[in-house]
Amino acid sequence: MSRPAFPRRWRRLPAATAASVALLLLAGPATTGTAAPPDREADAPVALERSADEQADVVEVTVDGTAQLDALVATGVDLDHHVTPTEAGIVVHAVVTPTEVAGLKRMGYQVGAVLHDADDSAQRISERDATIAAHQAENRAYTATLERSAATSDVKIIRADYYTSGTNQVLSVEAKWAQGQTSTSTLTVARDSGPGTEIGSGGTQNISRFVDAGVYLYHRGAAAVTTRPERIQITSPTGDVAVAEVKEWLPIPADSPEGPGYQKDFVTSYLTPTELYDRIKRLADAYPQLAEVVKLPYQTNGYRRKAQVVLGGTTATRVAVDSLAWGHEGGNDITVELAAPGAADQPLSVTVTGKAIRVSLATDAAGAVTSTAAQVAAALTAEAGALVTAYTYRGDAGAGVVAPVAPTPLSDNLKAPAGVSRDPHPVYAIRIGKYRDGSRTGVLAYAQEHAREWVPPLVTIETAERLLRNHATDENTKQLLRTLDIWIVPSINPDGGHYSFYDYASQRRNMTNHCAPGGATDALARNSWGVDNNRNYTEYSLFDGYSGASASCTGDTYAGPSELSEPENRNVDWLAQRPNMKFSMNLHSSGNYFMWSPGAYATPGRISAPRPTLAEESFFWGASSRILTAIKRHRNMAVTPARTGPISDVLYSAAGNSGDMLWYKYGIYAWNFEVGTSFQPTWEEAHQETMEFSNGLVELLRVARDYDKDKKRPTSTLSVTPSATEGAVSVRFDVSEPAAVFYTLDGSRPTFESTLYASAGIREGAETLTVPTGTKIHWFSVDAAGNIERNYRPDEDSKTFNRGWATLPTG
Ligand SMILES: [Zn+2]
């Protein structure tokens, strides 16, 4: 179907609508208060220094008002998504190293408790490793048990559940096979056709491997059956046999959108980007009719760095050395030695033997070393320039005399196992739907713009699994896949993601270093590089003068050198350009927020990007209540109203974020999840968050389906009440569903160019118009799917608009 043209028209009003004027008025009082922290100037750029060997903690910072919050955001400090007004001020969470904490304190910020530290991240990794090891040990023990007992089958049926779904009958089977880790074979289940019948008389079904984080867990699968089987039998590829009785699955209340027997709970541990991509490839292989993996057009820079070292202690004596080759392509084999010759009047010289570079330092008549850092750097670049480039520390003159240094290896300092590619990395999406030809309403879900957010990718995997595994047996799911063209990208930023898992748990950005020579390009700055992928987009960006992104190459909200400079961002732009794309979810953590545009304002004055129209806002809210109800269904966790709404209302400005690009540039209904309570919660909590936010993501798909199926025209009524103004009355329009109302007060035909009925102010609902008594009012309404009331055709010579008078009802 074609993209409904109308919702774009909803957005035709510029920033100066009644609503955005109201925003400015409302925001006014909030910006009073302390203009900046005590000992720094409001616009002075402040660089927070981060040392390479520190991990970051999540700490509380208390600011005294929104102005100080804006000043804090302007430092480029890495804030997570908690913003809590308290008696003492606004409490936010910053992700900072001890050196950065010291910097914040120096600037006068009030820094409080540590909420999450590096040990917590390390703990998550070791939990994950232990889980994987336990699964592997289980597999080995299982195989060993079978080998000891020739009488035991190498296949074991774990569960066989029969249930009905609508008019369908379904059999779901799980079984464990001793060779499941190494062999990719499916297993065939033979069914009987009821008590006392032959195995096989009820037909067969295949079940396939469930592999998580590289570990085989079991085989599973569900299929429609025509009669309830009493027993099933599995014959493994080795000829071994297992038999089990079929049990009836507990019925689930029929009003659940998931229906009885709906399968869920498909992730068992955190997954690295490599594992996430493997997982969607396996899923697409298992369901070739319903899904395919799409390699997005732009490859990342890669999980790779040049091999580097900084020799020397104090700034003036430091020599920074970088390999020309990437670390894994030979840079890591290079060593550098600064040797004192132990003789008088020696010249500075450099010898290169293979990958070993030896600098013989100059001496004076007394035999003391005289070479400065600048001289050594110049000599290295001149004489060993085929291997390395060398420079003084961060633009220093390098006038200090260097000290001898024993042979020291250069290193890219990357700790991921060799299985993690060091090459420029493709970014993969799984595209799900029965008709993947652009003819269906498009929905995009994407996660891990921010590397350290480990739960959101799991929500996307869980959702993809639910859609494909339930398709054969759940009518509701089948309908989603018939109606929609679903694109799921579990990790937008795989380089940063790998870095977060293996090197620096608090990594937020990608790994690309845009710092200029003379800046923070050396080994000691290696945890400070990267572009914030959620600040590099094209609308209301830093480059447009909006707030909440950093121009510093080491700022944690660094916007990059220009809009869409990063391949990660160009991939999202490419996806959003698809003409059928209509809905999106950008998955982040944490804070249990649910947000939409506008996501940025300009300071001072908090001048917002244009606000959605009343109709758009009511559509956002209406869909949001469905999505949040689905989330709550899991364990009664309610995303609060205070954390629901436009990003810049409920959080802070985030110039150049992706949701704003999708909404303002492409007219996509774009939401943002902030999943859960922290970046890397305990597995138990991460698992719960995955389940609940997958509920929400599936509900977004239902919202998209209903939008697609919406052929119902809205209706509207005029209500007229007394006004305090002499000779006037108060007028409101009431609509039957989220819908835009266009009206005229001069007796003319209403069109899309007529005045759009607006909201009274931020989060306030519809405005009340004050008009002279007796005014003739003409209007029509149009819903989010483009259905127009009473089949009125505003652009043609149609007469079926609504007519009314601004007069008080009599009697
Ligand atoms: Zn994030």
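This note goes through the metal site, the nonpolar cores and one helix pair of a predicted model.

1. Residues are numbered from 1 along each chain as its sequence is written, and side-chain values use heavy atoms, with hydrogens and water left out. In this predicted model, local features need pLDDT of at least 70 and side-chain atom pairs count only at pLDDT 80 or more, while totals for chains, interfaces and linings use all residues.

2. The zinc ion is coordinated at 2.1 to 2.7 Å by ND1 of His450, ND1 of His588 and, listed twice, OE of Glu453. Donors here are N, O and S atoms within 2.8 Å of the metal (3.2 Å for Na, K and Ca), and sites may look incomplete because water is not among the atoms.

3. Two of these residues, His450 at 1% relative accessibility and Glu453 at 0%, count as buried (under 20% relative accessible area, with a 1.4 Å probe and protein chains only). Along the sequence, the donor residues follow the spacing H-x2-E-x134-H.

4. The largest nonpolar core (buried Ala, Val, Leu, Ile, Met, Phe, Trp, Tyr and Cys residues joined through side-chain atoms within 4.5 Å) has 90 residues, and Phe583 and Trp671 are among those with the most contacts inside it. A second, separate core has 27 residues, including Val83 and Val650.

5. Phe583 touches several residues beyond four places away in sequence, among them Leu444, Phe619, Trp671 and Tyr707, where contact means heavy atoms within 4.5 Å.

6. Leu276 and Ile280 are among the residues of helix 6 that meet helix 8, where the partners include Ile461 and Leu468. Helices are DSSP runs (H or I, at least four residues), numbered from the N terminus.

Methods: Buried < 20%, exposed > 50% of the residue type's maximum accessible area, 1.4 Å probe, protein only. Helix = DSSP H or I, 4+ residues; strand = E, 2+ residues; numbered from the N terminus.
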